[in-house]
2 protein chains.
Amino acid sequence: MTTDTLEKTDFTQLIEDLAKKGRAAQRKLARASDAEKAAGLRAAAKAIRTDSDSILEANAKDMAAGEERGLTGAMLDRLKLDEDRLEAIAGAIENVAGLPDPVGEVIDSRSSPSGFGLERVRIPIGLIGIIYESRPNVTADAAALCLRSGNAALLRGGSEAIHSNRALHAAFAKGLDEAGLPSEAIQLMPTQDREAVGAMLKAAGLIDMIVPRGGKGLVARVQQDARVPVLAHLDGICHTFIHADAKPDMAREIAVNAKMRRTGICGAMETLLIDSHFGEGEKVLAAIADAGCELRGDERAQQLDSRVKPADAEDWDTEYLDAILSVAVVDDIDEAMEHIAAHSSGHTEAIITDNDEAAQRFLAEVDSAIVMHNASTQFADGGEFGLGAEIGIATGRLHARGPVALEGLTTYKWQVKGSGQARP
Amino acid sequence: MTTDTLEKTDFTQLIEDLAKKGRAAQRKLARASDAEKAAGLRAAAKAIRTDSDSILEANAKDMAAGEERGLTGAMLDRLKLDEDRLEAIAGAIENVAGLPDPVGEVIDSRSSPSGFGLERVRIPIGLIGIIYESRPNVTADAAALCLRSGNAALLRGGSEAIHSNRALHAAFAKGLDEAGLPSEAIQLMPTQDREAVGAMLKAAGLIDMIVPRGGKGLVARVQQDARVPVLAHLDGICHTFIHADAKPDMAREIAVNAKMRRTGICGAMETLLIDSHFGEGEKVLAAIADAGCELRGDERAQQLDSRVKPADAEDWDTEYLDAILSVAVVDDIDEAMEHIAAHSSGHTEAIITDNDEAAQRFLAEVDSAIVMHNASTQFADGGEFGLGAEIGIATGRLHARGPVALEGLTTYKWQVKGSGQARP
């Protein structure tokens, strides 16, 4: 379908048509068994392997266009597919096929005061819109998670990956078809016009949830404009607090890992808080600086290592996603938790300490989606949490929080099993 | 505080100030134990009993003003308080005090692949805005449910109940104070200016969730304008389907009850679907008509009883909240479920049948918050479901669905308990 000349009202109609198809397919999918959905995903993985030549050819087009448009090396790397990456994509789909089906799980069951039976049963949410940027693997990952949980998906990827996304989507849909599942459950937006995204965001009642995956600008725009509920992941301004009673070696090792293992992920530490009573702050900072990280700190932090530059007010609210760390020395756990309350984005915060009471207070009182004791914030990840995958890490407070996998893509209904009860 | 002359920007500031106070109080409340919160609610109930004279006096002012403004008898009845109703309000607060505290409940716990411990723990949502209309009991009910679940509340009731709400709120806050809890956890909006409601709806990041309680117009406006997540209850266009294999007596009794027990509640049946193979449709319709209900039906329904008037297209999408019922005769369960999919508001639908296979299909395939077998839709209620209370019945799909009580007022955090893990 070519839709480049559509008027604004036509985009509303386009989304309505896509939603209608997606919802009809979802109703069929809802009747598929656990085994049928798993088989569908395995067929999709197989189709991606079979069609690898045409997918890589499509990707080469995107890469050539990206180079022409002057994309940075990092952006081109995110965009690039090769045999290994394609195999990883197929493997990830098979991995999702192997996860337990959340649909049909009885969350709780009880007898009502009037004697009828009551069960809350997990069901799919319905039609989920996924809006994402340049990584083509999201096309397959998101499709797999939605399908496994019985949902339909409307995927809208970035323009720079359009040929790759179309090829991956075509293979995925072919696999579903071959397995006898309704391939329209997974649709790719047929136009890259931004007006169509606007229409998606307004499609309350047609699309049940939007999951934006991408940078701050994308997520903020989605949150600003959406009338459909959004499961959003904003910044990851993650803190690690080294308490007075931390083991020095553990503190150093975790701090270096939390910052430097991969600096570009949302679970990377962005601010280190050091208790003034912790004896080996110098060694921790030296190790981080030696690993190639720029340090920006308050006055006391600057006294710990000469490489620490003065931090300005903005630093405490910045997600660097780079080899830069802000460092503050605090008097005690209260000051640390106040700093976190003022500057955290509610993603992940960790305390390093051997003092159980302090750890317990930190875990209880710090109000973030993930709170950690004696572990690296880089573990903030659905796979590391044993969820098998993730569609994102939610920093909002409703529905699902932290790493979101299959359970977060379900809702529930109440089933009442009566024997003729009328209400008195 | 008199705020009748505030400018629009001042309302944003007002909400910011109220939110700041409420959030600070919530942080204190979060440290209160189960027993302390229960004691606070009992003290609030006691204060309402002690201050009954001043509350009834305030209510008399509202009643006089309402009569002057020409409120209908039904509206005045909703507004009115007397000793019995005040005792019911106090009793309801004590009832909430007796419910189990959801906060701190471990939803699940596991070991991660890297060997750290993982728990998901229930926590309060934070600051909840409640926007409601003329029933003053909502002031106490909503305050009690929010406090029991560790949340702060910002209450904004209807202008016609303003004196009653202020008096109830003052007593409630006095009780919290006496019990040593932060009374600013429960705040009443100090102005009735609608601009302040607008500012509430925009206060993303300050208010965590808005619960509108009231008529369609109110809820629709809140959903349209809110940037804060909304837990909304829209229409209750509830269906009952009498299947071919229904027991005639049960079908008749449940149908009359579902429509006529109380016609003004959201769980009242608005449309009756009768299988053409059910033998005693005439008797069911006769019983409903004899109970004083107007019937509007399709052609086949009109043939069942001469009192059935022709229904027009709008009838199938109308929540009458009155002694009016739309009736359609359908060929089978598929046609019934298609009708429901096209016209239901996703609230509550019931099937009456002795056929387990049909019941199972209906419960599985009808996509409403509550689906029932052999029971009256009038049971759609948190109290009847054994939840002890309800803040509303959510017809959305995310976060909480159906009757929402304490659990729906919580979210969760992930607690990671490591032993020095760095991510490889």
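Me: What is the bridge partner of Leu272(A) in strand 11 of chain A?
Reply: In this predicted model, Leu272(A) has Val327(A) as its bridge partner in strand 11 of chain A.

Me: What makes strand 8 and strand 11 of chain A a pair?
Reply: Two strands pair if DSSP finds at least two bridges between them. Strand 8 (residues 269–275) of chain A is joined to strand 11 of chain A by 5 bridges, and the two run parallel; the criterion is therefore met. Strands here are DSSP runs of E with at least two residues, helices are runs of H or I with at least four, and both are numbered from the N terminus.

Me: On what conventions does the description rest?
Reply: As a predicted model, it admits local features only at pLDDT of at least 70 and side-chain atom pairs only at pLDDT 80 or more, whereas totals for chains, interfaces and linings use all residues. Residues are numbered from 1 along each chain as its sequence is written, chains are lettered from A and ligands numbered from 1 in the order in which they are written, and side-chain values use heavy atoms, with hydrogens and water left out.

Me: Which residue stands opposite Val327(A), and how many bridges join strand 9 to strand 11 of chain A?
Reply: Gly297(A) stands opposite Val327(A). Strand 9 (residues 294–297) of chain A pairs with strand 11 of chain A in the parallel sense over 4 bridges.

Me: Why is strand 11 of chain A called mostly covered?
Reply: Strand 11 spans residues 324–330 of chain A, and 7 of its 7 residues are buried (under 20% relative accessible area; exposed is over 50%, partly exposed in between, with a 1.4 Å probe and protein chains only). Ile324(A), Ser326(A), Ala328(A) and Val330(A) point one way, while Leu325(A), Val327(A) and Val329(A) point the other way, all of them buried. In a regular strand the side chains alternate between the two faces of the sheet.

Me: Leu321(A) lies in the loop between strand 10 and strand 11 of chain A. Why is Leu321(A) classed as it is by accessibility?
Reply: Its relative accessibility is 37%, so Leu321(A) counts as partly exposed. Leu321(A) also has a positive phi of about 50° although it is not a glycine.

Me: What of Asn374(A): buried or exposed?
Reply: At 4% relative accessibility, Asn374(A) counts as buried. Asn374(A) is found in strand 13 (residues 370–375) of chain A, and its phi is near 55°, a positive value in a residue other than glycine.

Me: How do you know how helix 10 and helix 11 of chain A are oriented to each other?
Reply: Helix 10 (residues 248–260) and helix 11 (residues 281–290) of chain A pack at an angle of about 30°, with axes 9 Å apart. Axes are lines fitted to C-alpha atoms, for helices over the stretch in contact, and angles run from 0 to 180 degrees between N-to-C directions. Angles under 35 degrees count as roughly parallel, over 145 as roughly antiparallel, 65 to 115 as roughly perpendicular and the rest as oblique. The two helices are therefore roughly parallel to each other.

Me: Which residues make this contact, and how do they divide by class?
Reply: Ala251(A), Arg252(A), Ala255(A) and Val256(A) of helix 10 meet Lys283(A), Val284(A), Ala287(A) and Ile288(A) of helix 11 of chain A, contact being heavy atoms within 4.5 Å. The residues divide into 6 nonpolar, no polar and 2 charged (Ala, Val, Leu, Ile, Met, Phe, Trp, Tyr, Cys and Pro are nonpolar; Asp, Glu, Lys and Arg are charged; the others, Gly among them, are polar).

Me: What is found for helix 10 and helix 11 of chain B?
Reply: Their axes come within 9 Å and cross at roughly 30°. Helix 10 and helix 11 of chain B are therefore roughly parallel to each other.

Me: Which strands of the 5-4-3-6 sheet of chain A are edge strands, and what makes them so?
Reply: This is an open sheet of 4 strands with parallel pairing. Strand 5 (186–188) and strand 6 (209–213) of chain A are its edges, as each pairs on one side only. The twist averages 20° from one strand to the next.

Me: Why is Gln223(B) classed as it is by accessibility?
Reply: With 32% relative accessibility, Gln223(B) counts as partly exposed. Gln223(B) belongs to helix 9 (residues 216–225) of chain B. Apart from neighbours within four places in sequence, Gln223(B) is in contact with Arg227(A), Val230(B), Ala232(B) and Leu234(B).
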